[in-house]
Amino acid sequence: MLDVSHVSHHYAGGGRLWRKAAVPVLHDISFTLEPGVCLGLLGVSGTGKSTLGKIILGLQRPTAGRVCFAGHDCYTSDRRSLHSIRREVQAVFQDCYSAVNPLMTAGQIIGEPLRNYERLSPLEQKRRVAELLEQVGLQASDVDKRPAAFSGGQLQRINIARAIALRPKLIVLDEAISSLDMVNQTQILSLLAQLRADYGMSYLFITHHVQAALTISDRIIVMDAGQIVYTANSPQALMKSQHPLVQQLIAARLPEHPSRRLDWSSSSL
Ligand SMILES: Nc1ncnc2c1ncn2[C@@H]1O[C@H](COP(=O)(O)OP(=O)(O)OP(=O)(O)O)[C@@H](O)[C@H]1O
Ligand SMILES: [Mg+2]
């Protein structure tokens, strides 16, 4: 369904008098994503995960390579195909607050894609929005509240409701749980798992959080310095990997029991 083929990217260098060197970010990235699969994209900060996410979403044209969705090139297809790709591929980002217009109500935010892509009667639109609110664990009566009246976790549920409104085939989740507390992270992960079971969507789950990637993904790609350095065909395979970066990421998890707490006094910090 999604075919990322030999994608490389560099950002143009800035500078007014002297043009600075271009910043290489992605090098020859290739992978495919099949329907209904959750692919984790794991890597430390600055490895190019969000850049790759933006390229897949059609927001950043790659300097080399191709991204195809359902056989159509995401950058060079005709307008009709691009319109359909925009509908089928949705996104949820880390910052739930900046992803919404603070002046709009929950109903207007969730209803926006429906207004853009479907011609519904006002009554039908209202019914769909109420249904979506309930699907993400909010209440139909929340429809007239504005973003300031919601907690971060609730607002991320609104972003998820907006992303699933058109029943897309793929959702790119870029650090979608990273700004939430542990309880909300767990709840949102289980909501995402439930929605995937209900609708059979695919997810590209971008994260630097090993545990979250292990919890939700079927396959996991590990990136380092703009390259794919390891692909795990299951969460179990990731845990068993001997790749030094994977072992480093796994070892970097915080200890779960106080008896294993870090000894700061002996650290070199
Ligand atoms: N618009 C831009 N212009 C120039 N350089 C950029 C731009 N966006 C990102 N970069 C650079 O590209 C590299 C990769 O950034 P990117 O945001 O894709 O990484 P990331 O893996 O998503 O990191 P994080 O885990 O912190 O979100 C970084 O060195 C970053 O500084
Ligand atoms: Mg990022």
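At what angle do the axes of helix α3 and helix α4 cross? They cross at roughly 120 degrees and come within 10 Å. This is a predicted model.

**The α3–α4 pair**

Helix α3 covers residues 106–117, and helix α4 covers residues 122–135. The crossing angle of roughly 120 degrees makes α3 oblique to α4. Angles of 65 to 115 degrees would count as roughly perpendicular, and those over 145 as roughly antiparallel. The crossing of α3 past α4 is right-handed.

The contact draws on both helices. From α3 come G107, I110, G111, L114 and R115. They meet Q125, R128, V129, L132 and L133 in α4. By class, the contact has 5 nonpolar, 3 polar and 2 charged residues.

Which residues of α3 are buried? They are A106, G107, I109, I110, G111, P113 and L114. Their cover includes α4 and also α5, residues 152–164. Of the buried residues, G107, I110, G111 and L114 also appear in the contact with α4.

**The sheet**

Four strands form an open sheet in the order β2-β1-β4-β5. Pairing is antiparallel. The edge strands are β2 (23–33) and β5 (72–73). Each of these pairs on one side only.

Strand β1 spans residues 2–11. It is joined to β2 by 7 bridges, and the two run antiparallel. As one bridge pair, D3 has T32 of β2 as its partner.

Helix α1, residues 49–56, lies across β1, β2 and β4 (64–69). Its direction is at about 120 degrees to β1.

**Positive phi outside glycine**

Two residues other than glycine have positive phi: D28 and A70. The table sets out their values.

| Residue | Phi | Location | Relative accessibility |
|---|---|---|---|
| D28 | near 50 degrees | strand β2 | 48%, partly exposed |
| A70 | near 45 degrees | loop between β4 and β5 | 52%, exposed |

Why does D28 count as partly exposed? Its relative accessibility is 48%, and exposed means over 50%. A70 counts as exposed because its value is 52%.

Each site ties back to the sheet. D28 lies in β2, an edge strand. A70 lies in the loop between β4 and β5, and β5 is also an edge strand.

Methods: Residues are numbered from 1 along each chain as its sequence is written. Chains are lettered from A and ligands numbered from 1 in the order in which they are written. This is a predicted model: local features need pLDDT of at least 70, side-chain atom pairs count only at pLDDT 80 or more; totals for chains, interfaces and linings use all residues. Side-chain values use heavy atoms; hydrogens and water are left out. Axes are lines fitted to C-alpha atoms, for helices over the stretch in contact, and angles run from 0 to 180 degrees between N-to-C directions. Angles under 35 degrees count as roughly parallel, over 145 as roughly antiparallel, 65 to 115 as roughly perpendicular and the rest as oblique. A crossing is left-handed if the near helix is turned anticlockwise from the far one by less than a right angle, and right-handed if clockwise. Contact means heavy atoms within 4.5 Å. Ala, Val, Leu, Ile, Met, Phe, Trp, Tyr, Cys and Pro count as nonpolar, Asp, Glu, Lys and Arg as charged, and the others, Gly among them, as polar. Two strands pair if DSSP finds at least two bridges between them. Buried means under 20% relative accessible area, exposed over 50%, partly exposed in between (1.4 Å probe, protein chains only).
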